Amino acid sequence: MLNHFEKIAQLVASLDTKTQIFLSKIEETKSFKKGEILLNAGSVCRKSFHVRKGIMRKYHIKNGKEITTDFFFEDDIALAYTSYTFQEPSTEFIDCLTDVKVSITHREQWEAAKIKFPKLLELDLLLTEIHAGALEEDLLDLRTLTATERYEKLLAQAPELLLHIKLTHIASYLNISLETLSRIRAKF
């Protein structure tokens with residue numbers, strides 16, 4: 001079975017030249033420094049960020065405490081999904097955990113491209129399906145895996161975490177305390 005990166009790559013490769021040229025024209029490549037915030041809570045998410053290099057994080061603030069809800073690595077698309085889809089204020093922030101390079105697509109341009117090039121509707125549907133599947137997997141993991149199992153799975157998926165991400169962010173993402181994460185890490 002193909003993984004989602006392969007499915008996306010195959011679909012993009014099947015796009016005709018005219019569509020690919022149009023897509024390249026609506027993408028803007030930019031670099032951001034570690035610590036820069038690309039989306040603030042309360043703002044509407046009007047852009048998607050295709051991560052080309054670096055690591056980004058999405059988080060929510062509750063009672064003054066940051067709660068990490070997602071990490072974005074190379075080839076991921078970073079956005080606040082509900083805000084982006086429904087064009088309502090985001091409850092989350094997106095920031096750069098390292099220096100990053102991203103390809104930015106404005107939502108209005110993407111929506112216009114889907115009308116002009118119907119094959120992009122298929123790509124949009126695939127991206128939505130992948131997002132829904134990832135959310136379902138995260139929810140299942142949170143409800144069925146132990147803290148140690150969630151940590152092991154995260155390490156297997158993204159071993160570079162320990163090199164670039166603060167342990168407080170990892171603990172928050174795993175929905176465990178920093179002390180619990182320290183005990184788990186001591187076992188390895």
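Author: Let's begin with names. Helices and strands here are DSSP runs, numbered from the N terminus. The model is predicted. With those names, we can place Asn175 in the loop between α8 and α9 (178–186).

Reader: OK, I'm looking at Asn175. What is the phi of Asn175?

Author: Asn175 isn't a glycine, yet its phi is positive, at about 65°. This asparagine comes after α8. Asn175 is also exposed, with a relative accessible area of 57%.

Reader: Which other residue that isn't glycine has a positive phi?

Author: Take Asn63, where phi is near 55°. You'll find Asn63 in the loop between β4 and β5. At 78% relative accessibility, Asn63 counts as exposed.

Reader: Back to α8, then. How do I read a helix?

Author: An α-helix has 3.6 residues a turn, so residues three or four places apart point the same way. Now for the case here.

Reader: Which residues are buried in α8?

Author: In α8, the buried ones are His169, Ile170, Ala171, Ser172 and Leu174.

Reader: And what covers the buried residues of α8?

Author: The cover includes the strands β4 and β5, along with the helices α5, α6 (147–157), α7 (161–164) and α9.

Reader: Two strands in that list! How should I read a sheet?

Author: Strands of a sheet pair through backbone hydrogen bonds, either parallel or antiparallel. In this model, look for an open sheet of four strands with antiparallel pairing, in the order β2-β7-β4-β5. At the edges are β2 (37–39) and β5, and each of them pairs on one side only. From one strand to the next, the twist averages 35°.

Reader: Where does α8 pack on that sheet?

Author: Helix α8 touches β4 (56–62) and β5, and its direction makes about 85° with that of β5.

Reader: Can we zoom in on one strand pair? Over how many bridges do β2 and β7 pair?

Author: Over two bridges, in the antiparallel sense, with β7 covering residues 92–96. For a spot to click on, try Leu39, which stands opposite Ile94 in β7.

Reader: Next topic: rings. How do I read an aromatic pair?

Author: A pair of aromatic rings is described by the distance of the centres and the angle of the planes. In this structure the count comes to four aromatic pairs. Take Phe22 and Phe117: their ring centres are 5.1 Å apart and their planes are at 50°, so the pair is tilted.

Reader: Which parts does the pair of Phe22 and Phe117 tie together?

Author: Phe22 lies in helix α2 (residues 17–26), while Phe117 is in the loop between α4 (107–116) and α5 (119–144), so the pair ties together parts that are 95 residues apart in sequence. Phe117 is buried, with a relative accessible area of 8%, whereas Phe22 is partly exposed at 22%. The cut-off for buried is under 20%.

Reader: Is there a pair that involves α8? I'd like to tie this to what we just saw.

Author: Try Phe71 and Tyr173, another tilted pair, at 5.1 Å centre to centre with 55° between the planes. Phe71 lies in strand β5 (residues 65–72) and Tyr173 in helix α8 (residues 167–174), so this pair ties together parts that are 102 residues apart in sequence. Phe71 is buried, with a relative accessible area of 5%, and Tyr173 is partly exposed at 21%.

Reader: Which residues form one aromatic cluster?

Author: Phe71 and Tyr173 form it together with Phe73.

Reader: What lies over the face of Tyr59?

Author: That's Arg57, at 3.8 Å from the ring centre. For a second example, Arg107 lies over the face of Tyr84, at 5.7 Å from the ring centre.

Reader: Last one: cysteines. What's the idea, and how many disulfides does the structure hold?

Author: A disulfide is a covalent bond between the sulfur atoms of two cysteines. The structure holds zero disulfides.

Reader: Why is the sulfur of Cys45 too far for a bond?

Author: The sulfur closest to that of Cys45 among the other cysteines belongs to Cys96, and it is 13 Å away. A disulfide needs the two sulfur atoms within 2.5 Å, so you can see the problem.

Reader: Buried or exposed: how does Cys45 count?

Author: Buried, at 1% relative accessibility. Cys96 counts as buried too, at 2%.

Notes:
Residues numbered from 1 in each chain as written. Predicted model: local features only at pLDDT ≥ 70, side-chain atom pairs only at ≥ 80, totals over all residues. Heavy atoms only, no water. Buried < 20%, exposed > 50% of the residue type's maximum accessible area, 1.4 Å probe, protein only. Phe/Tyr/Trp six-rings, centres within 6.5 Å; stacked < 30°, edge-to-face > 60°. Lys NZ or Arg CZ within 6 Å of the ring centre and 35° of its normal. Pairing = 2+ DSSP bridges. Axes fitted to C-alpha atoms, helices over the stretch in contact; angles between N-to-C directions. Contact = heavy atoms within 4.5 Å.
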